[in-house]
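Hi,

Here is the structure I said I would pass on. Please have it open while you read, and my notes follow underneath.

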Amino acid sequence: GGTAAPALASPAMDATALQELEQLCFLVFTGGAQNSANGAGGSQALIELLEAQRRLRQLQASAQYLPQLQSTLENSQSPYALLFAAKSILMVLTNDWRNVSHQQRVQLQRFLLQFLANGPERPGFVVNAVI
């Protein structure tokens with residue numbers, strides 16, 4: 001759909017919102033390879049790709065989306081979504097750092113250290129994006 005999903009913008013990302021984010025990340029990171037390979041209309045595939053990019057950029061635009069990005073790192077099994085979340089956290093901290101409180105930075109630092117130290121084996125490119 002062409003409408004913004006409120007689920008992606010809500011602080012508590014539920015399973016539906018996470019699945020949607022994973023699908024958007026897959027589409028962006030693979031360039032819509034599935035649609036192109038299936039011979040789907042090239043312009044429609046491009047429109048879907050651009051819409052996915054636009055929606056993901058919204059999550060990278062502000063510190064207010066750090067909880068969603070952290071939730072993605074915590075709960076997703078998709079390497080594309082994990083990479084997106086890790087890179088987006090860094091982007092938000094770099095570009096919107098004035099809107100991240102000291103307490104948020106400390107909490108995020110602890111979370112990322114736990115993310116790296118505990119939990120399942122993660123792809124190397126995700127670990128590299130976190131560190």
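Of the 131 residues in the protein chain, 37% are buried. Please keep in mind that this is a predicted model. The secondary structure consists of 8 helices and 0 strands, so you will read α-α-α-α-α-α-α-α along the sequence. Among contacts with a separation of 6 or more, 65% are between residues 24 or more positions apart.

I spent some time on helix H6, and it makes a good place to begin. Helix H6 covers residues 79–95. Its 17 residues should span 24 Å at 1.5 Å a residue, and the end C-alpha atoms are indeed 24 Å apart, so the two values agree. The buried residues of H6 include Ala 81, Leu 82, Leu 83, Phe 84, Ala 85 and Ala 86, with Ser 88, Ile 89 and Val 92 also on the list. What covers them? The cover for the buried residues of H6 includes helix H2 (15–30), helix H4 (42–60), H5, helix H7 (102–117) and helix H8 (124–130).

Just ahead of H6, have a look at Ser 78, which sits in the loop between helix H5 (66–75) and H6. Is Ser 78 buried or exposed? Its relative accessibility is 13%, and because buried means under 20%, Ser 78 counts as buried. The side chain of Ser 78 also reaches into the helix that follows, coming to 3.2 Å from the backbone nitrogen of Ala 81.

Further along, Leu 93 belongs to H6 as well. Leu 93 has 26% relative accessibility and therefore counts as partly exposed. Leaving aside residues up to four places away in sequence, Leu 93 touches Leu 66, Val 100 and Leu 108. The C-alpha atom of Leu 93 is also 7.3 Å from that of Ala 63, although these two residues are 30 residues apart along the chain.

Finally, the pocket. The largest pocket has a volume of about 200 Å³. It is lined by 14 residues, and those closest to its centre are Leu 73, Glu 74, Phe 115, Pro 120 and Arg 122. H5 and H7 each supply at least two residues of the lining, and H7 gives the most, with 3 residues. By type, the lining divides into 6 nonpolar, 5 polar and 3 charged residues.

Happy to go through any of this with you.

Best wishes

How values were computed
Residues numbered from 1 in each chain as written. Predicted model: local features only at pLDDT ≥ 70, side-chain atom pairs only at ≥ 80, totals over all residues. Heavy atoms only, no water. Helix = DSSP H or I, 4+ residues; strand = E, 2+ residues; numbered from the N terminus. Buried < 20%, exposed > 50% of the residue type's maximum accessible area, 1.4 Å probe, protein only. Polar contact = N/O pair within 3.5 Å; in protein donor to acceptor, adjacent residues only side chain to side chain. Expected span 1.5 Å × (residues − 1). Contact = heavy atoms within 4.5 Å. 1 Å grid on protein atoms, 1.4 Å probe; cavity = no way out; pocket = protein on both sides within 12 Å on 5 of 7 lines; lining within 4 Å. Points joined across faces, edges and corners; volume = space filled by probe spheres on them. Nonpolar A, V, L, I, M, F, W, Y, C, P; charged D, E, K, R; others polar.
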